[in-house]
Each structure stands twice: as C-alpha cells, then as structure tokens.
Amino acid sequence: MSPFDLDAYLRERRALVDAALVRLLPGEDVPPPTVHRAMRYSVMAGGKRLRPILVIAGAEAVGAAPATVMPTACALELIHTYSLIHDDLPAMDDDDYRRGRLTNHKVFGDAIAILAGDALLTLAFKLVADNAALVPDARVICDVVAEIADAAGTGGMVAGQVVDIESEGKAVTPETLEYIHSHKTAALLRASLSVGVRLGGGDAAALAAISDAGQSLGVAFQIVDDILDVEGSLEALGKTAGSDARKQKATYPALHGVDASRREARRLIERAKSRLAVFGARSAPICALADFVVERKS
Ligand code: GRG
C-alpha cells in the first residue's frame, strides 16, 4: 500500500475550506463594514485549518463527502478564530501577533475585536443550522449543536481558559494541568472529529471511538503547542514565542520537562491511532493528521 500523502490531503482540504469561508463570511462592504472587515481579517489570515479539516476527516472516516459537512467545518474554524481574537486581548494574554500579522485588537481596537469574536461565534451556530440543508436529519443537527456548544462553552474551552487564567503565576498540580489542556484545547478538537462522524452518519461505536481518539489527539496537540512555545520562533509560529514562561503559565514542559512532554505527546498519538482501527483504511487521513500534530513546527 502506498503511504498516505498528507501534504496533498491538507492542501486540497484547506483549499475547499478557504473557498467556503470566503463564501460564507459576510462581505467587507456589508453594513456595518468595520466588524465584517475585522472578522475577515482574522479568519482569512491563514492558520492550519486543523479543526475544519478534522470535521471533514471525521465525515470521510464513515464514508461521507467533504461537501456534506462544509458549513459545520467552517463553523469550527469561526469558533476557533473567535477564541484566538479574545485570547489575544489586553484583558487576557495581551498578544501583538497572531497568524503572522498584528492581532485583531491592534488593528481594529478592543471594542471591535470583542464584537468580531462575538459575531464569529454567533455566525458559527447559524452555519451549523444551515448544514440541515445537506444533512436533513433534525436530530443529528440538534446533537451537533449541543456537542459544539458544550465543547466551546463552560463544559470545554471557556472552562479551560478560566482555570488557565486563574492558574497563572501559581504552582499547579498535574491534575489541574490535565484539566486545562483537555478543556481549553482538546474539547474543540475532539468535537471537530466527532461532529464530522455524526453528520456523516456514524453509529454509536464509531462515535465512541472517534471521541476517545479526539481527546488523546487534542491533549497531545496542546502538549506540542507548549513545547513549541519553548522552542519555536515568531517567524515559525506567527506569534510571539516564550510567552507562556513570561506569563508564568501552567504548561506541560514547565511541569514535566521537554523530553517527558514529547514522550507523552507520542504516547497519546499512538493511543489515538489504536482507537481509529475501527474505521479501517478510511482512518488513514486522521492517523496521518495525528502524526502531523506531534511532528509539526508551527
Ligand atoms: C474562550 C476567549 C476564550 C478563549 C479560549 C483557545 C483559547 C482559549 C485561547 C487561544 C490560545 C491557545 C494557546 C489555545 C490553545 C489552543 C491552541 C493551541 C490554539 C492555536 O491553534 P492552532 O495552532 O492555530 O490550530 P492556527 O492559527 O493554525 O489555526
């Protein structure tokens, strides 16, 4: 069997996602233009598009086509981008660079950056509703809405962000660090895979396997993100490196060291891949993405 060509897969899926995002975001001239410009500024700044690609890969794992899940794939990218815009604000991480350009509030001001984030989060749920035109089972769409809301809200990303902020400058236990990683980052990555499988028509066994794999992959992703913040650069990352240490953030390398962190990320990725066996050959893209998560340099 020829090895899976991840570069080609990512290139093709990214192009599909980018084209859909251009189409689905309000035009820059639509009133009020400022907020629509701010939304496009951060969404179209690039980024790996990992979450929408995971939605697509989840759907493909159960035999569905990318087009079937595209509105929801874009919704996950909008939620992710909103979280980055708000996380970069002076009241949170106060960062100047993101995705290789000035952060949203540096260009548009704090008020518009907050509103652009709010608007992206709101639009995301409209896109999931719009997915009903492609997957006409109302029960599935309701489950997808609920799962994304849980993963993005105080059952997931917001909860992780709260504990992360409250832990700054404090010695945290491994359990607290695990809580932060699994809520702040893993929840949305896990949900991305899971809603792809849901919309693609996966059964309960498929959902259990993808959720488990997504959780491991999500925590591994954040551990690698922590390592990159120690070892990366502004050029490679598109954001300022070393900021975790400066802000005395709770990170995996700070608690366990870089070598143990890398070993744990690899262990989690192997665990994720073993859970994907139920999807047979159709899991090849997710397995390759899992390897990419630990090998990535940005
Ligand atoms: C609820 C306001 C609010 C914030 C949520 C997600 C988050 C908390 C903050 C963003 C900062 C951060 C380091 C989050 C962890 C997740 C993460 C590593 C985000 C970066 O994701 P990538 O690498 O980014 O996929 P690109 O730009 O490639 O999409």
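**Cavity, pockets and ligand shell**

User: How much space lies in the largest cavity?

Analyst: In this predicted model, about 80 Å³ of space lies in the largest cavity. It is lined by 13 residues, and those closest to its centre are Ser42, Ile85, Arg98, Arg99 and Asn104.

User: How many cavities of 30 Å³ or more are there?

Analyst: The count comes to 1 cavity of 30 Å³ or more.

User: Which elements supply at least two residues of that cavity's lining?

Analyst: Those elements are α2 (33-43), α4 and β2 (101-102), and the largest share, 3 residues, comes from α4. By class, the lining of the largest cavity has 5 nonpolar, 4 polar and 4 charged residues.

User: OK, switching to the ligand. Where does the ligand sit?

Analyst: The ligand sits in the largest pocket, and that pocket has a volume of about 1,100 Å³. The largest pocket is lined by 46 residues, of which His80, Leu84, Arg98, Asp225 and Lys239 are the closest to its centre. Divided by class, its lining holds 15 nonpolar, 13 polar and 18 charged residues.

User: And which residues are closest to the ligand itself?

Analyst: The ligand is surrounded by 19 residues, with Lys48, Arg51, His80, Arg99 and Gln161 the closest. By class, this shell has 6 nonpolar, 7 polar and 6 charged residues.

User: What distance separates the Arg51 side chain from an oxygen atom of the ligand?

Analyst: A polar atom in the side chain of Arg51 lies 2.8 Å from an oxygen atom of the ligand. For His80, an N or O atom of the side chain is 2.8 Å from a ligand oxygen atom, and for Arg99 a side-chain N or O atom is likewise 2.8 Å from an oxygen atom of the ligand.

User: What percentage of the ligand's accessible area does the protein cover?

Analyst: The ligand has 710 Å² of accessible area on its own, and the protein covers 92% of it.

User: Which element gives the most to the shell around the ligand?

Analyst: That is α4, with 6 residues. The elements giving two or more residues to the shell are α4 (70-87), α8 (157-167), α9 (174-199) and α10 (204-231).

User: Last topic: what is the volume of the second largest pocket?

Analyst: The second largest pocket has a volume of about 150 Å³, and its lining includes Val224, Glu231, Arg262 and Lys297. The elements that give two or more residues to this lining are α10, α14 (258-275) and α15 (284-295), with the largest share, 4 residues, coming from α10. By class, the lining of the second largest pocket has 4 nonpolar, 1 polar and 6 charged residues.

Methods:
Residues numbered from 1 in each chain as written. Predicted model: local features only at pLDDT ≥ 70, side-chain atom pairs only at ≥ 80, totals over all residues. Heavy atoms only, no water. Near = heavy atom within 4 Å. Polar contact = N/O pair within 3.5 Å; in protein donor to acceptor, adjacent residues only side chain to side chain. Areas by Shrake-Rupley, 256 points an atom, 1.4 Å probe, with all protein chains shown as cover. 1 Å grid on protein atoms, 1.4 Å probe; cavity = no way out; pocket = protein on both sides within 12 Å on 5 of 7 lines; lining within 4 Å. Sits in = over half its atoms within 2 Å of the grid points. Nonpolar A, V, L, I, M, F, W, Y, C, P; charged D, E, K, R; others polar. Points joined across faces, edges and corners; volume = space filled by probe spheres on them.
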